[in-house]
Amino acid sequence: MEIREQRHGAVTVVKPIGPLIQGDAQVFLQRFNAAVARSLGRVVLDATAMPFVDSHGLEALVDAAEQLDEGGQGLRLCGASETLREVLELTELASLFEYYQDVQDATRSFL
Amino acid sequence: MDQTRSSPPVPVLARVSRGGWSVELLGLACALLTIAAAVAAGVWASHSTQRLAAQQQRSAVSTLARSLAPACAALVEQNEISKLRVLIGEVAQASELQDAAVLLPDGGVLAHSDPRRITVAELPERWPEGRAPSLSSAGAASQPEVRQVVKVAGRGDLTVVLTAAPTPPVWSNPETVTGLAIIGVIGLGLGLLLVQRTHVVVRPLRAIQDALRAASAGETDAGSLTISPRWGAEAAAWNALIAGREQLRARELDEQAERAAAPGRPADGLLDRSCDVLSHGIVVVDGATTVRYANGAAAVLLGRKRAEMVGRPLQESLSNDEVAALVNQVVRDGSRRRGSVEAEQGTGDERSIVRYTCSRVTPEPDEGPLSGGAILLIEDLTQQRIADRAREMFVTSATHELRTPLTNIRLYVETMLEDGENDPVLRGKCINVINTEARRLERMVSDMLSVAEIEAGSMKLHEDDVRLDALFEELDSDYQAAAREKEITFTLDLPPKLPVIRGDRDKIAMALHNLIGNALKYTPAGGNVTVSLEEREATILIRVKDDGIGIGPEEQERIFDKFYRAKDKRVGRITGTGLGLSLAREVARLHGGDITVESQVDHGSTFTLVLPAPAAAAPAAAGGPAPAAKAA
């Protein structure tokens, strides 16, 4: 899985390309947490190219959300597919995330 | 134990028993043993008395035998055997003897208290000397005999045998039995009474003991430690002790809560937890600048761990000397009451702008002026600063953009007024330029208004049938002249029949104006700009392709941000507000479509406007022939 990072102003947008599963989940979490530390929590997760997640991916997302929560931030998730949202709702994890339609909306929320 | 408690917080106490009977049963056993010992003592005393009486009786019988023997001998000497037998009978009766007899040495019974046992009817003349055998039959249990041998002159020895009446056994005496029974019953009653009283006295003590064990095991609930008040003064005293302790605890808690909540502050750590969810960092230091509290955001913004911050000097967590100096001035020197420092931290693209505001906390009235410590508020201003810069750039750019067409309009109006009166060609050219600049101005103002609408969330679509053929004709007439002027080949590569779609004509036109306008703007002279349309099953794709300067991959998403302009120096030389693509994408999305871009630096870009296809009911036939393949 490829993980792209892009700066939108002061915000780092992390965009995984492909499903967040198994071994990729840990790599994603490391990259995401590093981005959080670098940009003082100004991070957005762009899920437009992330079609689905498995249990490892879910765990990584929860860990990432908790890491941000400790710093008083929420995990801003944009472009989440219907499948991903459904999985988060079925596992009762939906409340851990903040949802935005696109990267611009999510980035604007830091203002 | 009080069973009226409704809540079940008594797990510890539930494990220990209360109000058992072990001590009472022990008391009952002791009482029974005491009664048994008393009865045994009574029986033993009675038996002893009986034995003493038997000894006394035996002594009396011996004395009687000694005094009776001479009289018997005298009567035998006188051959008064009848008198002898009367005497023996009377003596036996008078002395309440069991047996009284006079025996010959050969065992013949000369006289007996029971006349049926007399075996010698006639008194012999002589008989041999010696002791007579025992009167009682062998093996039969009988009283001991008292034997007294007396010599009868000229005849031989006689043996006077007296047998005392048997002493009745203790149990045969009804009085004794009755007495013992009374003693037993009274003793048993007293024993039971003792048990009952012991139980009454011991029960609260045992309950108190159990409560103490429960308390030592960690039970703190007053309800669980309280015992039944019906168990007497000890129970009441214990309950009063527990109630007093509970009151003391409640008062302490109240005082703590009062201290924490005064005035207007929430108790129970709510304030701390509330601060933990803030995205601004908060650090509280005491008068010695030791960190007493830091929320999670503070740890993130300072790049530390909370556990490493709390209890340590704040200076250890601060990497900026200016901030450390500010904290010292506020907390230690007292030279400032409040101060703020804006600092940059991080490197390169990761630079952040953070504002530190330090304010001295008001000390308690009885404390020194610097003992109250301070609070440090840490705010991440990076995104705001970047947004501010973008807006400033927009204002500068918009001012320039607005001024340019206005200047052109003014100049051409002046030219027309001065020289155009007699020169219809010049006048026509001036009017044409004024018209173009006025429309440019109108679009810019419209863009700005649309941005405001989008920001306010109030942008609405006025849907109607949109004839794409007419729309493209208008675009063609608008841009052919500009393309020619820039020596760019502007081509509309459209199918012969164009559909009619549902949408907001003005806004779709605005989106296409922005896409085509950008393509012409960023394509150098000699380049090509082509607009094509592809109709698919559910969508219509309108592509605007140029072979201009192109966009780097890192900026292909960012160009849709409001006020964003690519960092390419060639872009910087061209005026623009940075709003066009943002507005175009917003319009496309409002219609249920989108705008995507494919680009390569120095090779050009292709922007694709995706719109929903018209419904099957709206036939494409409604459109007339398109201005296909027109070229500048």
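This passage describes a sheet, two loop residues and a pair of packed helices in chain B, together with the contact between chains A and B, as they appear in a predicted model.

In chain B, four strands form an open sheet in the order E2-E1-E4-E3, and the pairing within this sheet is antiparallel. Strand E2 (109–112) and strand E3 (145–152) of chain B are the edge strands, each of which pairs on one side only. On average, and with direction ignored, neighbouring strands of the sheet are turned by 20 degrees against each other. The antiparallel pairing of E3(B) with strand E4 (residues 156–164) of chain B extends over eight bridges, and within this part of the sheet B:Glu145 has B:Thr163 of E4(B) as its bridge partner. Helix H3 (residues 81–94) of chain B packs on the sheet, where it touches strand E1 (97–103) and E2 of chain B, and the direction of H3(B) makes about 160 degrees with that of E1(B).

Two loops that adjoin helix H3 of chain B each hold a residue with a positive phi. B:Asn79, in the loop between helix H2 (22–77) and H3 of chain B, has a phi near 55 degrees, a positive value in a residue other than glycine. This residue counts as exposed because 12 C-beta neighbours lie inside 10 Å. B:Glu96, which is found in the loop between H3 and E1 of chain B, likewise has a positive phi of about 55 degrees although it is not a glycine, and B:Glu96 is exposed, with 9 other C-beta atoms within 10 Å.

Further along chain B, helix H13 (residues 468–485) and helix H14 (residues 505–521) pack at an angle of about 25 degrees, with their axes 11 Å apart. Because angles under 35 degrees count as roughly parallel, H13(B) is roughly parallel to H14(B), and the crossing of these two helices is right-handed. H13(B) contributes B:Leu471, B:Leu475, B:Tyr479, B:Ala482 and B:Ala483 to the contact, while H14(B) contributes B:Arg505, B:Ala509, B:Leu512, B:Ile516 and B:Leu520. By class, this contact has nine nonpolar residues, no polar residues and one charged residue.

The contact between the chains takes 19 residues from chain A and 24 residues from chain B. On the side of chain A that touches chain B, the elements that give two or more residues are strand E1 (2–8) and helix H4 (103–108) of chain A, and the largest share, three residues, comes from E1(A). The residues on this side of chain A divide into six nonpolar, nine polar and four charged.

Note on methods. Residues numbered from 1 in each chain as written. Chains lettered and ligands numbered in written order. Predicted model: local features only at pLDDT ≥ 70, side-chain atom pairs only at ≥ 80, totals over all residues. Pairing = 2+ DSSP bridges. Axes fitted to C-alpha atoms, helices over the stretch in contact; angles between N-to-C directions. Contact = placed C-beta atoms within 7 Å. Nonpolar A, V, L, I, M, F, W, Y, C, P; charged D, E, K, R; others polar. Parallel < 35°, antiparallel > 145°, perpendicular 65-115°, else oblique. Left-handed = near helix turned anticlockwise from the far one by under 90°. Buried ≥ 20, exposed ≤ 12 C-beta atoms within 10 Å, placed from the backbone.
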